[in-house]
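Got your viewer ready? Let's walk through this one together, one selection at a time.

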Amino acid sequence: MKYFALICVLAVTVTTGAAAARPGGANDGALSVKNASGRVVIVGRGVVIGRFDKGQVTIKDPNPNDGVAPIVTGADSTQSLSEKTTRYSGTNLRFRMIGGGSFTVNVFATDIDLSAVARGHVQLNGAIAKGSTDNADATYAVNGDPPLPFPTYPLTFPLAAQTGPGG
C-alpha cells in the first residue's frame with residue numbers, strides 16, 4: 001500500500017513538474033514502473049522521478065544548462081564517470097530529473113518504482129536482476145494503459161504521447 005501511495009504522489013509531482021518545467025510537453029508520453037528488479041533505461045527529454053531499494057542509477061545530463069541538475073538522495077557512493085555523467089549507488093536511493101531537459105537515466109536495481117513524463121526511448125529488462133528471486137508483482141504502464149508484467153527480456157519502445165485512436 002505504501003508503494004501505491006508513493007506512485008500516486010510521484011505521478012502527480014511528475015505531471016505538475018512537467019507542466020511547470022517547459023511548455024510544449026503535449027507530445028510527452030508517460031511511464032510508470034512498480035516493484036521491478038532489473039534495468040530501466042530512459043533516454044529522452046522531460047521529467048523522471050524514482051526510487052529503489054538497492055542498486056545504482058547512472059545519470060547523463062548532456063546539457064547542464066537546459067534544466068535543473070539531477071537531485072539524488074540516499075547515495076552511499078557517488079562516482080563521476082565524465083563531466084556530464086555520474087553514477088550513484090546505495091540503498092533506499094531516490095532521484096529526480098525535473099528540469100525538462102535532455103537526459104539518460106540508467107537504473108540497475110531491486111524494487112524500482114519510477115514515473116516519467118518524457119519523449120524519447122525506454123528499455124526495460126527484468127532478466128538481468130541479480131539476487132532477485134521474484135519479479136512476479138513487477139509492472140509497467142505506458143500512457144495510462146493498464147499495467148503489464150515487467151518484461152523478463154530486453155524490451156525497447158518509444159516514449160511519446162499516443163497519436164490518436166489505437167495509439
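Start with the empty space inside: this predicted model has 1 cavity of 30 Å³ or more. Its volume is about 40 Å³. To find the spot, select the lining residues, among them Gly46, Asp61, Asp66, Val68 and the run Met97, Ile98, Gly99, Gly100, Gly101, Ser102 and Phe103. Colour the lining by class and you should get 4 nonpolar, 6 polar and 2 charged residues.

Now switch to the cartoon view. You'll see 1 helix and 7 strands, and going along the sequence the order is α-β-β-β-β-β-β-β. Of the 167 residues, 41% count as buried. For contacts between residues at least 6 apart in sequence, 79% join residues at least 24 apart.

Next stop: the aromatic rings. How many aromatic pairs are there? The count is 2. Select phenylalanine 52 and phenylalanine 95 to see a tilted pair, with 6.2 Å from centre to centre and 45° between the planes. Phenylalanine 52 sits in strand β1 and phenylalanine 95 in strand β3, so this pair ties together parts that are 43 residues apart in sequence. Both phenylalanine 52 and phenylalanine 95 are buried.

Then select tyrosine 140 and phenylalanine 157. Their ring centres are 6.0 Å apart and their planes meet at 25°, so this pair is stacked. Tyrosine 140 belongs to strand β5 and phenylalanine 157 to strand β7, 17 residues apart. Are these two buried or exposed? Tyrosine 140 has 10% relative accessibility, so it counts as buried, and phenylalanine 157 is buried too, at 14%.

Finally, turn on the surface: the accessible area is about 8,400 Å², with 56% of that belonging to carbon and sulfur atoms.

Technical notes. Residues numbered from 1 in each chain as written. Predicted model: local features only at pLDDT ≥ 70, side-chain atom pairs only at ≥ 80, totals over all residues. Heavy atoms only, no water. 1 Å grid on protein atoms, 1.4 Å probe; cavity = no way out; pocket = protein on both sides within 12 Å on 5 of 7 lines; lining within 4 Å. Points joined across faces, edges and corners; volume = space filled by probe spheres on them. Nonpolar A, V, L, I, M, F, W, Y, C, P; charged D, E, K, R; others polar. Helix = DSSP H or I, 4+ residues; strand = E, 2+ residues; numbered from the N terminus. Buried < 20%, exposed > 50% of the residue type's maximum accessible area, 1.4 Å probe, protein only. Contact = heavy atoms within 4.5 Å. Areas by Shrake-Rupley, 256 points an atom, 1.4 Å probe, with all protein chains shown as cover. Phe/Tyr/Trp six-rings, centres within 6.5 Å; stacked < 30°, edge-to-face > 60°.
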